Structures are given as structure tokens and as C-alpha cells.
Amino acid sequence: MDNVSQGIPHGLVQGKVTKKIEWNDQLFSLHVHAPVSPYLAGQFTKLALPLVNEQLRLTEPAIATEYAAFPENSNPERQEYVRRAYSMVNSPSHALGHQHLEFLIVKDASGQLSPKLHELNTHDEIFVGKEPSGFMTLEEIPPAAKDLWMLATGTAIGPFIAMLETPHMADKFANIILVRAVRTQQDLTYQSRIAQLVHQFQGKLRYVPIISRESITGTLRGRIPTLLLRGELEHASSIAIDQQHSFFYLCGNPAMVRDTSEALKQIGLTKHLRRQAGQFSSENYW
Ligand SMILES: Cc1cc2nc3c(=O)[nH]c(=O)nc-3n(C[C@H](O)[C@H](O)[C@H](O)COP(=O)(O)OP(=O)(O)OC[C@H]3O[C@@H](n4cnc5c(N)ncnc54)[C@H](O)[C@@H]3O)c2cc1C
Ligand SMILES: NC(=O)c1ccc[n+]([C@@H]2O[C@H](COP(=O)([O-])OP(=O)(O)OC[C@H]3O[C@@H](n4cnc5c(N)ncnc54)[C@H](OP(=O)(O)O)[C@@H]3O)[C@@H](O)[C@H]2O)c1
């Protein structure tokens with residue numbers, strides 16, 4: 001039976017949660033097995049769950065009963081799904097293969113999908129976009145780039161871990177600087193995996209954690225654009241920003257992306273376009 005006759009909309013495939021890690025009350029990782037197409041490190045896909053009828057049952061039971069009484073409404077093809085984009089944390093070349101996907105997710109209590117994803121457990125069913133996509137990949141970085149700066153807020157550390165775990169990544173750049181900003185220390189997920197990467201890269205990878213709302217030894221306090229303009233990111237990483245050789249990927253909170261893009265322009269860098277090489281590019285999470 002094909003997907004549509006099973007009631008799964010075009011573009012989605014059925015998967016299973018194989019593991020769940022709860023980092024704190026809001027942050028969690030889901031490992032999912034699903035028959036998706038190959039992807040590139042840095043890309044994202046959709047996660048989806050059936051929604052409308054279930055929500056109706058919970059919020060408007062009388063309407064739900066009336067709705068279900070019409071034969072056309074019991075047609076599974078009418079089932080609605082809520083879907084959102086999530087970036088893969090694991091490189092497609094990892095040991096279990098590209099159909100084992102790992103996602104780092106923050107629950108937004110007022111959101112439609114993330115609280116439902118938070119309720120999932122191992123063996124639960126989940127729906128996944130069959131075709132991953134996205135242009136924040138190693139392949140899009142111009143060849144002149146020697147120092148790669150990866151700037152992330154919150155859960156946007158994920159696609160950068162996927163890039164860092166790509167085979168031969170250390171050979172592609174002279175230096176890689178991973179800057180990740182979170183609100184509080186408890187939001188610093190994947191610390192041991194990052195420490196392992198720093199060790200593997202033998203000095204080529206610098207990690208600069210930023211905590212905006214707490215002062216913690218070994219981290220910077222503040223926001224990425226301010227720290228950048230004050231020279232604190234260069235100081236903490238011991239790498240100088242250079243118009244010829246630096247390339248920046250910015251990912252996560254759209255306000256950070258906007259303000260950091262302005263800061264980068266102030267220091268003379270330009271946005272990278274396929275038709276005109278520049279020094280920075282970005283992906284907004286909302
Ligand atoms: C390319 C891309 C990749 C993404 N990858 C991830 C990922 O790996 N992990 C992840 O948790 N989310 C990711 N997102 C965000 C995700 O798609 C959803 O928007 C998010 O989970 C909220 O969905 P919701 O249905 O719960 O909330 P909605 O009902 O859609 O409400 C959205 C609100 O939640 C807030 N919000 C959305 N995403 C985030 C976030 N990541 N961090 C902080 N606040 C947020 C914003 O205030 C927004 O207004 C990505 C988005 C894009 C476009
Ligand atoms: N993480 C938590 O403890 C927490 C608690 C309650 C609710 N939530 C909810 O969970 C969701 C995710 O929160 P999150 O903490 O993962 O993501 P977030 O709100 O995007 O914060 C991540 C980092 O981005 C910084 N930032 C925000 N705007 C910026 C800008 N214009 N320029 C530069 N940096 C900027 C934040 O600094 P600032 O701290 O200075 O804003 C923080 O360091 C949100 O929807 C939030 O409402 C999270």
C-alpha cells in the first residue's frame with residue numbers, strides 16, 4: 001500500500017522514535033528511524049504528527065462527534081498533520097546510516113507541534129519529510145573561506161554538530177570556531193560531544209560558549225553581535241576575523257541573525273550570494 005492510501009500525505013513517510021534524551025524541562029533530543037532520502041550535513045527535514053481530529057476531540061468533543069458522523073470525514077486522507085522544520089544533529093555518514101536521524105528540540109509551551117513532540121517516547125510513531133532540504137551546508141561555502149565561524153543560538157547548534165562530524169572536516173578549513181549562545185547554563189546541551197570534537201580536531205576547532213543570563217566561568221556573557229563588535233569572540237577564540245579568509249554561518253533566532261548580520265556589515269563583510277561571493281550566510285529558525 002502506498003503512503004496516500006494509508007492516509008499519509010505526499011511528502012511524508014512514517015518513522016519511529018528510537019531514543020529520547022531529556023536535557024531539561026524544555027530541551028530534548030529525538031532519534032528517529034525513517035525511510036528518508038539522503039541528506040547533507042546542515043540540512044533539515046519536517047517532523048509531523050496528525051492533529052486536527054485529535055485536537056477537536058480534546059477541545060470541542062461535540063463538534064468532533066458531529067464531524068465524524070459524515071462519511072467523507074472518516075476518510076483517512078482527510079486527516080490533517082501539523083508539520084515543522086527540524087535540523088538533523090547527526091551527519092548523514094554516521095554509523096547507523098542516513099535513515100537514523102537525530103533532532104534537538106526546544107518545547108515552546110504555547111507552540112502547536114513542539115509540546116506534542118515532547119510527549120513522544122521510544123517506539124512511538126512519527127511522520128517525517130521524505131526529502132530533506134536547506135542551503136546551510138558545507139557545499140555552499142565559497143572556496144576562499146579558510147576560517148569557518150559557526151554562530152548558533154539555542155537549538156541551532158544541531159546543524160553545526162552535523163557539519164563538524166562530517167568525515168575529513170578538519171582538512172577543509174584552517175580554523176573552525178563554534179560559537180553557541182544560550183540563555184542559561186542548563187541549555188548547554190551536547191557538551192561532551194563538542195568536547196570530543198575539540199579533541200579530535202587537534203587545535204583546529206575552537207569552542208566559544210556564551211550564556212546570556214548567567215555568569216559562568218569558562219563562558220562569555222552577553223549576546224553574539226555585541227561580543228563580536230567588542231572583539232570578544234576573536235579574543236576568546238584567538239582567531240582574527242579577516243575579510244579574505246573568514247566565512248560565517250549564522251543560525252537560529254531571527255533577531256540574532258538580523259543583529260549579527262548588521263554587525264558583520266559594520267566590520268566590512270558582505271552577505272554571501274551564489275552569484276556574488278560574500279562572507280556570511282544564515283538560516284532563521286522562525
Ligand atoms: C530551517 C529550520 C530548522 C529548524 N530546526 C529546528 C530544530 O532543529 N530544533 C527546534 O527546536 N526548532 C527548529 N526549528 C523551529 C521549528 O520548525 C518550529 O518552529 C518550533 O519547534 C516551534 O513549533 P511549534 O509548532 O511548537 O510552535 P508554533 O505554534 O509554530 O509557534 C512558533 C513560535 O515558537 C518560537 N520558536 C520557534 N522555534 C524556536 C526555536 N528553535 N527556539 C526558540 N524559539 C522558537 C517562536 O517564538 C515562534 O514564534 C527550525 C525551523 C526552521 C525554519
Ligand atoms: N531556555 C529557557 O530557559 C527558556 C525559558 C522559558 C521559555 N523558553 C522558551 O523556549 C523557547 C526557546 O528559548 P531558547 O532559550 O532556546 O532560545 P532563544 O530565546 O532564541 O535564546 C537563545 C539565545 O539567543 C539570544 N538572543 C535573543 N535575541 C538576540 C538578538 N537579537 N541578538 C543576539 N542574541 C539574541 C538569547 O539572549 P537573551 O537571553 O539576551 O535573550 C539567548 O542567549 C522560546 O520560545 C522561549 O519562549 C525558554
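These are my notebook entries on the surroundings of ligand 1 and ligand 2 in a predicted model.

**Entry 1: neighbours of ligand 1.** I listed the residues around ligand 1 and got 19, with Ala-85, Tyr-86, Asp-108, Leu-113 and Ser-114 as the closest. Sorted by class, this shell holds 10 nonpolar, six polar and three charged residues.

**Entry 2: polar contacts of ligand 1.** I looked for N and O pairs within 3.5 Å. The side chain of Ser-114 has an N or O atom 2.6 Å from an oxygen atom of ligand 1. Backbone atoms also take part: a polar one of Leu-104 is 2.8 Å from a nitrogen atom of the ligand, and a polar one of Ser-87 is 3.1 Å from an oxygen atom of ligand 1. I then checked burial, and the protein covers 75% of the 870 Å² of accessible area that ligand 1 has on its own.

**Entry 3: placement of ligand 1.** I found ligand 1 in the largest pocket. Strands E4 (81-87), E5 (100-106) and E12 (280-284) and helix H3 (114-119) are the elements that give two or more residues to its shell. E4 gives the most, with four residues. I also asked where ligand 1 lies with respect to the domains. Domain 1 (12-129) and domain 2 (138-284) both contribute residues to the shell, so ligand 1 lies between them.

**Entry 4: neighbours of ligand 2.** I repeated the search for ligand 2. It has 18 residues around it, and Arg-183, Ser-212, Arg-213, Arg-223 and Asn-253 come nearest. I sorted this shell into seven nonpolar, five polar and six charged residues.

**Entry 5: polar contacts of ligand 2.** I noted a nitrogen atom of ligand 2 at 3.2 Å from a polar side-chain atom of Gln-26. Two backbone contacts went on the list as well: a polar atom of Val-182 is 3.2 Å from an oxygen atom of ligand 2, and a polar atom of Ala-255 is 3.4 Å from a nitrogen atom of ligand 2. Ligand 2 taken alone exposes 870 Å², of which the protein buries 77%.

**Entry 6: placement of ligand 2.** I looked up the pocket and found that the space taken by ligand 2 is the largest pocket. Strand E8 (175-182) and helix H9 (254-266) each supply at least two residues of the shell around ligand 2. The largest share, three residues, comes from H9. For the domains, I recorded that ligand 2 lies between domain 1 (12-129) and domain 2 (138-284), because both give residues to its shell.

Key
Residues numbered from 1 in each chain as written. Chains lettered and ligands numbered in written order. Predicted model: local features only at pLDDT ≥ 70, side-chain atom pairs only at ≥ 80, totals over all residues. Heavy atoms only, no water. Near = heavy atom within 4 Å. Polar contact = N/O pair within 3.5 Å; in protein donor to acceptor, adjacent residues only side chain to side chain. Areas by Shrake-Rupley, 256 points an atom, 1.4 Å probe, with all protein chains shown as cover. 1 Å grid on protein atoms, 1.4 Å probe; cavity = no way out; pocket = protein on both sides within 12 Å on 5 of 7 lines; lining within 4 Å. Sits in = over half its atoms within 2 Å of the grid points. Nonpolar A, V, L, I, M, F, W, Y, C, P; charged D, E, K, R; others polar. Domains from an automatic or database assignment.
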